[in-house]
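Visitor: Hey, could you walk me through this one? I'm new to reading structures.
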Amino acid sequence: MVPALKLAGLKKVYRNRVEAVRGIDLEVAQGDFFALLGPNGAGKSTAIGIICSLINKTSGTVQVFGHDIDTEWAAARACIGLVPQEFNFNVWEPVEEILINQAGYYGIPRRVARGRAEEALVELGLWDKRRAVARSLSGGMKRRLMIARALVHRPRLLILDEPTAGVDIEIRRSMWNFMRETNRQGTTIILTTHYLEEAENVCRRVAIIDRGVIIEQGDMATLLRKLHRETFVLSVDQALGMAPELEGYATRLVDAHTLEVEVESERDINAIFRGLDAMGIRVQTLRNKANRLEELFLGLVGK
Amino acid sequence: MARLRSLLLMDTEVVAFRTIFTKEIVRFMRIWIQTLVPPAITMGLYFIIFGELLGKNLPPVNGISFMDYIVPGIILMAVITNAYGNVVASFFSTKHQHYVEEMIIAPIRPSIIVAGYVSGGIARGIVVAFIVGIVAMAFTEVKVEQPWLAGLVLVLTASLFSLGGFINAVFSKTFDDISIIPTFVLTPLTYLGGVFYSVEILPALWRDVSALNPILYMVNAFRYALLGTTDVDLGLSLAVILAFNGVFAVIAVGLLRKGVGIKS
């Protein structure tokens with residue numbers, strides 16, 4: 001089966017000589033839910049811009065479901081739906097018109113587009129706003145509008161560039177449920193986000209990009225197993241004056257009732273409880289300081 | 001199979017073209033107070049001041065009353081300004097607010113995008129021509145000796161300046177940039193393009209200089225279609241208008257294909 005996306009030797013040097021992408025090779029399988037992660041300025045948005053024909057590449061090839069974006073550009077573009085980072089719709093246009101016009105650009109006649117627009121707006125909870133001009137929508141609604149617009153031509157590959165930036169937690173959850181369902185129905189999804197917890201929860205495979213190159217890629221579970229160290233935050237029942245010493249573990253007192261413990265990957269956490277119990281300290285709650293993907297990410301990009 | 005695929009692609013592009021064209025018409029009709037009323041007022045003032053107040057004291061030009069003589073030029077002046085203004089404002093906004101990306105990522109050829117915008121500009125030019133024509137009827141009897149030729153010149157002129165507006169929008173970085181060409185190029189060329197006078201009255205040197213002004217050919221071709229009089233050979237006028245259209249179309253499509261002002 002051809003991959004949904006294949007990048008080979010992708011490079012981009014801007015006119016100011018900044019090398020934003022320095023030779024990316026990447027394959028995303030059909031049906032995947034893929035996270036493309038990296039710090040700001042790592043080259044994620046440039047790579048996405050090239051895939052979507054918004055940025056001219058310097059060299060390399062991009063294939064979308066086997067269609068080269070240079071030689072079979074129409075077929076390649078028809079496969080892609082993009083939710084960009086910045087709002088990029090006509091703010092004076094009614095919501096429904098934005099979707100119908102977008103479908104029109106993909107050759108979908110108006111009568112068909114109207115039905116598609118209704119379907120997408122209902123699913124994303126924007127049907128009541130269909131006649132409102134986009135300018136009047138809240139930030140969360142604008143994000144959902146961009147998702148609806150990206151889906152109106154039923155793309156096989158959906159690219160989400162920071163889709164939940166500035167969206168409140170409740171809407172974020174409903175958006176992720178919608179994305180999961182979209183992916184379950186067969187749409188391949190590529191996601192960039194700064195919410196690594198979300199990426200860990202929804203994505204099956206991940207690539208981490210830094211300074212224009214991919215420094216790590218693979219399936220999420222395998223990558224997370226590479227994590228050498230995790231930090232746990234423990235709430236304890238009594239006020240502590242100093243961090244208790246636990247053999248083999250680095251401990252740090254955050255405040256009188258909160259303790260941080262670093263655990264190397266080869267060690268288990270049972271000994272922590274035994275050690276604290278022996279000192280008469282009872283653990284009330286336990287949580288990861290950061291989610292595991294975040295720890296891996298920070299370890300890899302050296303921050 | 002390949003033939004079928006190319007036919008399907010054509011269907012797709014016909015829908016895409018229609019979408020852009022319809023969107024453009026909806027845009028200028030929605031803001032009709034800004035797009036359709038001003039040319040009626042401005043050109044009405046030209047008819048009052050130049051045609052009625054001053055024109056009554058002027059001798060006929062080529063045997064035609066001054067009021068009648070200036071009608072074709074004034075209609076065409078409105079067409080030029082509005083076709084240009086429609087596309088430059090619309091495409092610049094599209095770029096400025098980044099929703100040009102909606103089209104760039106879609107499977108549409110640059111030529112279809114340009115054609116959609118230019119057709120929108122032509123549509124506004126034609127609507128404005130009718131409006132100014134109706135205003136002119138309040139002052140004189142508007143004659144159209146050769147309706148087909150008049151239509152052709154109208155469409156080609158609107159098309160040329162729509163293409164000009166598109167090219168200007170591609171290079172514009174701010175809203176101020178879109179008024180530079182109308183102020184420093186279009187207005188002088190239009191006033192010196194024989195709207196209010198026959199180039200025959202100019203000294204030889206200025207007549208030769210005027211021959212470099214493409215608007216002169218459009219005004220004269222349109223005047224010939226309406227009144228049957230011209231300072232310039234009709235064939236030459238049509239050839240000049242078509243040539244400029246061809247060159248501007250190639251430039252506009254080339255710029256969009258390269259992504260100038262849009263892609264980095």
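Guide: Sure, one term to start: a residue is buried if 20 or more other C-beta atoms lie within 10 Å of its own, exposed if 12 or fewer, and partly exposed in between, with C-beta atoms placed from the backbone. Also, this is a predicted model, where local features need pLDDT of at least 70, side-chain atom pairs count only at pLDDT 80 or more, and totals for chains, interfaces and linings use all residues. Residues are numbered from 1 along each chain as its sequence is written, while chains are lettered from A and ligands numbered from 1 in the order in which they are written.

Visitor: Okay, so is A:K226 buried or exposed, and why?
Guide: A:K226 counts as exposed because it has 12 C-beta neighbours inside 10 Å.

Visitor: Where is A:K226 found?
Guide: In the loop between helix 8 and strand 11 (229-236) of chain A. Helices (H or I, at least four residues) and strands (E, at least two) are DSSP runs, numbered from the N terminus. The C-alpha atom of A:K226 is 7.8 Å from that of A:L296, 70 residues apart along the chain.

Visitor: New topic: how is chain A divided?
Guide: Into domain 1 (5-225) and domain 2 (229-301), with bounds from an automatic or database domain assignment. Twelve residues from domain 1 of chain A and eight from domain 2 of chain A make the contact, meaning C-beta atoms, placed from the backbone, within 7 Å.

Visitor: And which helix gives the largest share on the domain 1 side?
Guide: Helix 7 of chain A, with four residues of the side touching domain 2 of chain A.

Visitor: How many residues of chain A are in contact with chain B?
Guide: 25 residues of chain A, in contact with 22 residues of chain B. Helix 3 of chain A gives the most to chain A's side, four residues.

Terms used:
Contact = placed C-beta atoms within 7 Å.
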